[in-house]
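Trainee: I would like to learn how to read strands and surface patches in a protein model. Could you walk me through an example?

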Amino acid sequence: EAALGLRNTFNVGLGLKLQTGFEKIHSLKGTATNDNTAVTLGLEYLDNAIWKGSTRLELRTGTNSDSWLSTIAVASKLNRDWTVLGRNTYSLIKNKGLSGGANTENEQDRLQIGLAYRDTETDVWNGLARVEHRSERNTADQAGVELKRTVEIASLHANWQPIRPFTFSGRYAAKWVKEQTNGLNSRYNAQLLSGRVIWEVAPRWDASMQASNLSGSNGTGRQYGLGLELGYRVLENLWLSGGYNFFGYNDADLTTGEYTNK
């Protein structure tokens with residue numbers, strides 16, 4: 001494959017930036033299943049001391065599918081310690097029916113609203129309360145089957161650093177899921193409670209332990225996670241760390257980007 005792209009940022013004025021992009025991917029050998037062309041357009045406003053915002057739209061057309069992707073985000077300070085956050089991501093992928101197959105779609109929408117706190121006087125406490133709504137409609141996984149799924153998530157996150165070498169963090173999250181497949185409905189919920197202790201054992205070294213508990217109503221019962229981690233600051237803003245989970249689990253909605261499996 002060969003990829004060719006161009007990205008520009010234009011200072012429109014009054015703190016507003018316009019972002020444009022173009023990308024083309026072309027197969028040089030083999031079956032041309034990934035050839036596609038994408039155009040992006042974005043706006044970003046960061047110069048205000050009270051609020052900031054950005055939005056982006058990407059249109060992509062290809063051999064196998066066409067897609068839309070849009071994002072919008074805003075952050076607004078209420079005072080020195082409190083900030084309101086909002087973000088929405090919408091994605092639509094239309095798969096083309098090749099070799100006589102039917103066209104399928106995968107549509108997803110994700111809305112997040114949060115309230116962040118940071119103790120600007122002492123920096124001992126900081127936290128985040130967040131609610132999230134996810135919806136998905138998928139006809140791509142299995143022919144003739146339409147899956148609809150909605151998830152409501154609420155979570156609380158907190159960090160506490162009473163003295164310099166130690167930092168304690170905790171998180172509680174709960175989700176409520178509703179799935180509908182060709183008229184068949186199912187519901188279930190789950191809760192996650194996790195904690196982490198970080199100890200700065202030396203100026204460049206730290207060690208941490210994390211423990212968590214996931215409980216659900218879908219027959220999975222209680223699942224536990226326990227892991228250790230060791231980190232080293234190689235350079236300023238560059239941290240190398242490694243760890244091991246003795247036992248764990250996985251949940252696509254509550255664990256997000258964290259690795260909680262054994």
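Mentor: Happy to help: we will look at paired strands, then at a patch on the surface. Keep in mind that this is a predicted model.

Trainee: Let's begin with pairing. In which sense do β10 and β11 pair, and over how many bridges?

Mentor: Two strands count as paired if at least two bridges are found between them. Here β10 (residues 166-181) and β11 (residues 184-202) pair in the antiparallel sense over 16 bridges. To see one such bridge, find W176, whose partner in β11 is N189.

Trainee: And how many residues lie between β10 and β11 in their hairpin?

Mentor: There are 2 residues between them, and N182 in the turn has a positive phi of about 50 degrees.

Trainee: What does β11 do with β12?

Mentor: β11 and β12 (residues 205-216) also pair in the antiparallel sense, over 11 bridges. They form a hairpin with 2 residues between them, and W199 stands opposite A207 in β12.

Trainee: Now the surface. Which residues make the nonpolar patch?

Mentor: First, a general idea: in a regular strand the side chains alternate between the two faces of the sheet. The patch here, about 600 Å², is made by M209, Y224, L228, Y244, F246 and F247. The elements giving two or more residues to it are β13 (222-235) and β14 (238-247). The largest share, 3 residues, comes from β14.

Trainee: Why can F246 count as part of a surface patch?

Mentor: F246 lies in strand β14. Patch residues need over 30% relative accessible area, and F246 passes that cut-off because its value is 37%, which makes it partly exposed.

Terms used:
Residues numbered from 1 in each chain as written. Predicted model: local features only at pLDDT ≥ 70, side-chain atom pairs only at ≥ 80, totals over all residues. Heavy atoms only, no water. Patch = residues over 30% accessible without salt bridge, like charges linked within 9 Å, V, L, I, M, F, W, Y side chains within 5 Å. Areas by Shrake-Rupley, 256 points an atom, 1.4 Å probe, with all protein chains shown as cover. Salt bridge = Lys/Arg side-chain N within 4 Å of Asp/Glu carboxyl O. Helix = DSSP H or I, 4+ residues; strand = E, 2+ residues; numbered from the N terminus. Buried < 20%, exposed > 50% of the residue type's maximum accessible area, 1.4 Å probe, protein only.
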